[in-house]
Amino acid sequence: MRLSFAVSAVLAGLSLGFSTIAYADGGSIRFNVVKAGFVVGGSAGGGTFVFHGRRYPLAIGGISYGFTFGASATDFVGTVSNIRRPSDVNGVYAAAGGGIAVGAGAGAIVLTNQHGAVLTLSGRQAGLLVAADLNGLVITLR
């Protein structure tokens, strides 16, 4: 009798844990960002977020500060996870980084916003950009 109660309690606890994890959802994202700057840089772009089969247009903006010189365009594609509703994608995604882009290149990055949304992205970059800066990317559903 005590064993069955203990097993039931453990199973109930596990199902609560799984239901919390299962409650977080995800989707796919694709966007383009053009970045240019000399010390202070700016970026702008647009894209699409797909959640439960519905497409949401995105506006992308940002600013960077540090050593920045040049211009580049990057096409990103990836996933969004740990969200409950489409508006969780809205927010500021911050990163510190550096690099040099000459011509075409590829890369990957994982970013998180203040709502806990996680972007796992890969991108293809073209242009000439030398940077060692702090970046802030703002994504907004239109």
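Tyr-65 lies in strand 2. At a relative accessible area of 57%, Tyr-65 is exposed, because the threshold for that label is over 50%. The C-alpha atom of Tyr-65 is separated by 9.2 Å from that of Phe-38, a residue 27 positions apart from Tyr-65 along the chain. The model in which these values were computed is a predicted one.

Tyr-65 and Phe-38 both belong to a nonpolar surface patch of about 770 Å², together with Val-39, Val-40, Ile-63, Phe-67 and Phe-69. Strand 1 and strand 2 (54-83) are the elements that give two or more residues to this patch. The largest share, four residues, comes from strand 2. Another member to inspect is Phe-67, also located in strand 2. Phe-67 has a relative accessibility of 51% and therefore counts as exposed, the limit being over 50%. In soluble globular proteins, nonpolar side chains tend to be buried together. The residues of the patch instead lie on the surface.

The overall layout gives these strands their context. The secondary structure consists of one helix and four strands, and along the sequence the pattern reads α-β-β-β-β. Of the contacts with a separation of 6 or more, 70% join residues 24 or more positions apart. Buried residues account for 30% of the 142 residues in the chain. The chain exposes about 8,300 Å², of which carbon and sulfur atoms supply 67%.

Confidence varies along the chain. The average pLDDT is 78, and 71% of the residues score at least 70. Among the elements, strand 1 (residues 25-51) has the highest mean pLDDT, 90, while helix 1 (residues 2-23) has the lowest, 46. Over residues 1-21 the pLDDT stays under 50, and for this stretch the model has zero contacts beyond four places in sequence. Where pLDDT is low, the predicted coordinates should not be read in detail.

The interior can be followed through the largest nonpolar core. This core has 20 residues, and Phe-49 and Ile-139 touch the most other members. Strand 1, strand 2, strand 3 (91-112) and strand 4 (118-141) each give two or more residues to the core. Strand 2 gives the most, with six residues. Strand 2 thus appears in both settings, since it also supplies the largest share of the nonpolar patch. Beyond its neighbours within four places in sequence, Ile-139 is in contact with Ile-29, Leu-58, Ala-59, Ile-60, Val-89, Asn-90, Gly-91, Tyr-93 and Leu-119.

A polar residue in strand 1 can be read alongside the core. Ser-43 is found in strand 1. Its relative accessible area is 16%, so Ser-43 is buried under the 20% limit. Which residues cover it? Leaving aside neighbours within four places in sequence, Ser-43 is in contact with Val-33, Val-34, Lys-35, Ile-60, Gly-61, Gly-62, Ile-63 and Leu-137. One of these, Ile-63, is also a member of the nonpolar surface patch, and another, Ile-60, is also a contact of Ile-139.

Strand 4 offers a further example in Thr-120. Thr-120 is partly exposed, with a relative accessible area of 38%. Thr-120 and Val-80 are 40 residues apart in sequence, yet their C-alpha atoms are 6.5 Å apart in space. Not counting residues up to four places away in sequence, Thr-120 touches Val-77, Gly-78, Thr-79, Ile-109 and Val-110.

Side chains of opposite charge can pair when their charged atoms come close. A search of the whole structure finds one salt bridge. It links Asp-88 with Arg-85, the closest N and O atoms being 3.7 Å apart. The two partners differ in accessibility: Asp-88 counts as buried at 8%, whereas Arg-85 is partly exposed at 46%.

The backbone has two places worth checking. Most residues other than glycine have a negative phi, and most peptide bonds are trans. His-52 has a positive phi, near 55°. His-52 lies in the loop between strand 1 and strand 2 and is exposed, with a relative accessible area of 62%. Asn-82 also has a positive phi, near 65°. Unlike a loop residue, Asn-82 is placed in strand 2, and at 36% relative accessibility Asn-82 counts as partly exposed.

Conventions
Residues numbered from 1 in each chain as written. Predicted model: local features only at pLDDT ≥ 70, side-chain atom pairs only at ≥ 80, totals over all residues. Heavy atoms only, no water. pLDDT = per-residue confidence, 0-100. Contact = heavy atoms within 4.5 Å. Patch = residues over 30% accessible without salt bridge, like charges linked within 9 Å, V, L, I, M, F, W, Y side chains within 5 Å. Areas by Shrake-Rupley, 256 points an atom, 1.4 Å probe, with all protein chains shown as cover. Salt bridge = Lys/Arg side-chain N within 4 Å of Asp/Glu carboxyl O. Buried < 20%, exposed > 50% of the residue type's maximum accessible area, 1.4 Å probe, protein only. Core = buried A, V, L, I, M, F, W, Y, C linked by side-chain atoms within 4.5 Å.
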